[in-house]
Amino acid sequence: MAKRRRSQKSSASESSESSSDSDSSSTSNSDSESQRTPAKQSLASSPKDSKNNTPKRARIADSPRRSLRGRHLPLSFDPDPVCSYCLLTAEENKHGIPEDLVSCARCGNSGHPSCFRFSEKLTDKIRNYRWLCYKCKTCEICDTSKNERQLLLCDECDRGYHIYCMEPKLKKMPETAWTCDICKNPEKAAAKERQRRRMSQASSFLARSKSRSNMPSSTEGSESDTPSEKSATSKRSKKKSNSKQSNKFGTRVQPHRRGRIVSYDDLKCPTPGCDGLGHYSGKYDTHHTVTGCPLYHNMSAETCKLIHEQRQEDMKEKKKDRDQIDDAEKKGNKEKVRELQKKKKDQIRAARKKVEITSEVIEKLNDHRQLYDKARQPLLEGLTSNYDLELFLAAQARASEVMEEELKKYPPNGQIRVIEFGRYELDTWYSSPYPEEYARLAKLYICEFCLKYMKSKTILKRHAAKCVWQHPPGDEIYRHMAISVFEVDGQKNKIYCQNLCLLAKLFLDHKTLYFDVEPFLFYVMTLADSGGCHIVGYFSKEKNSFLNYNVSCILTLPQYMRQGYGKMLIDFSYLLTRIEEKTGSPEKPLSDLGLITYRSYWKGVLLDYLSEFSGKELSIKDLSQATGINTYDIVSTFQALGMLKYWKGKHLVLKRQDLIDEHMARKAKRGPDHREIDTSSLKWRPPVQVENR
């Protein structure tokens, strides 16, 4: 299972989303530039090394992302006065309490410690050194942000260390709380840091002196190299270029940071004014959730213990009654059994007499609601009989006890760690903005058909017995064998689409759409069996996209990844685009996994087209109309494959037969169970746009 980020990652990602507008605008500009290129492109056949002659614009677009360095540089941005998580200032946090912000020393991103779910001890340590947020986090030893998947975070000071930079080296990420040497022994760590800096200064001095001694005496030193040196350098450069070219379609995945594993005792109850003592069930001395808070249920810790003791005595009395009935049944005394059952039935009927709700009870209930709003449970006395009220309170206490046990089983890290979705139990990758009472849970239960989220397995079982849904709402527009696609309108099925977005955010980092779903259409792919249509993945797109985006968000659920469903969703989106007689492109910027999948799809489609193309001149515009792929995406894919060359004012597409033969051979090896879209199984017409007059 993939590791998960802590909740601060979501806030950092929200602050980084502001750059997406500029990325999309640059994409549209480059798209227009590609359309201004000559319509007819010559088709060359051979040059192997065309990398130096490729257009600079396309080469820059595919350059790898550089890591941020300079941990000891001065602050480059002013601290943000607004929390990036709750969008409030230091005067008030999301609980209405004044709280100072913590800010990144490099980018200025700020947030409340309570929003980041930092403990008081961690917050005090963060304020005493130049703290870096998740986006800027670097290793304290090598001072780089490379290999973020191997970056281990201290649970007491939030400093980062590569597991291979530490002494001794670690083979894997620890599953429990981990503390760095600075927090364990500050004096020893400070001495080791001073020695490391002296050694690094000495090595840097030797490197500078060596570089000065090796500097050429003339400005044309490159011409004085011997032929053997030239050949050696050219071989090295060829090796570098080949390695870079082979990594164009590499699996560069956005790292999943190890989430902060908070100890069970460090958790605090979110109820305002609660000290965390006592438990609603009366079995524990402390509580950590709203469901176990006595204050939220308008009780004290002592009252909960007394009620628990009374319930234990009632259970003994009930057990005695059951034993009497069992003994009478064993002896065959049916009259006594009927007598005991009738007596019990009369007692229950007498206890469940209807209660008249007086005006005093209503007035008291309204006053309590105005005073506490949602911070406390509404008053329940006087609304029903004492027997029914006791049954409800006992069920509440039992549920709080079960949730407390689950909290111990799954140590929290500030976000939902596990979800139970149908037959699968999935580890989450990122946080999602579920309501706070659900977001604090370590495990969430979701109905796989209507996507309703619940707190416990008991609630899920009761819901599954009553849920009548067997497939997503909307129109089924595609069915081939067991695979179906449903078109769901965000305006008609708002709750379902919002729940789908919340579910997707658990596995997507850069996703900001959760609740404004009316302008979007959702295409949900399902896999049918005797139990119903199970969700495989989905993609969404705007009803009226100004930039001709055919996909806004796309996701394949983890249990169906690496089985071909992702490319099927992409192919289906381009099939709809071709039926609309348009060209489309996914919304930019793409995530790392999305870029890899789309590049692989574009590569296969373009090589299939070139394998059947027999002409001498190729038009990028005709290729775009035939495949539905945007011209900029075609140019960038050709650039990544090394098939584009700029020569004498024209763009030449090199028909590399080796790549085409390799692709066709790989395609011929596909088994009979290979999944692909059957165009004849689509029953869909483009929506008609009516202009308002």
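1. In this predicted model, R376 is placed over the face of Y372, and the distance to the ring centre is 4.2 Å. An arginine is also found over a tyrosine ring at R159, which lies over the face of Y129 at 4.0 Å from the ring centre.

2. Rings also pair with one another: the structure contains 18 aromatic pairs. One of them joins Y560 and Y565. The arrangement of Y560 and Y565 is edge-to-face, with 5.8 Å from centre to centre and an angle of 85° between the planes.

3. Are Y560 and Y565 buried or exposed? The cut-off for a buried residue is under 20% relative accessible area. Y560 has 6% relative accessibility and therefore counts as buried. Y565 has 2% relative accessibility, so Y565 counts as buried as well.

4. The pair formed by Y574 and Y601 is stacked. The ring centres of Y574 and Y601 are 5.5 Å apart, and their planes make an angle of 15°. Which parts of the chain does this pair link? Y574 belongs to helix 15 (residues 565–579), whereas Y601 belongs to helix 16 (residues 592–612). With their positions 27 residues apart in numbering, the pair connects distant parts of the chain. Y574 and Y601 are both buried.

5. Aromatic residues may also be considered as a group. Which residues form one aromatic cluster? The members are Y478, Y523, F539 and F572. The cluster thus named contains tyrosine and phenylalanine residues.

Key
Residues numbered from 1 in each chain as written. Predicted model: local features only at pLDDT ≥ 70, side-chain atom pairs only at ≥ 80, totals over all residues. Heavy atoms only, no water. Phe/Tyr/Trp six-rings, centres within 6.5 Å; stacked < 30°, edge-to-face > 60°. Buried < 20%, exposed > 50% of the residue type's maximum accessible area, 1.4 Å probe, protein only. Helix = DSSP H or I, 4+ residues; strand = E, 2+ residues; numbered from the N terminus. Lys NZ or Arg CZ within 6 Å of the ring centre and 35° of its normal.
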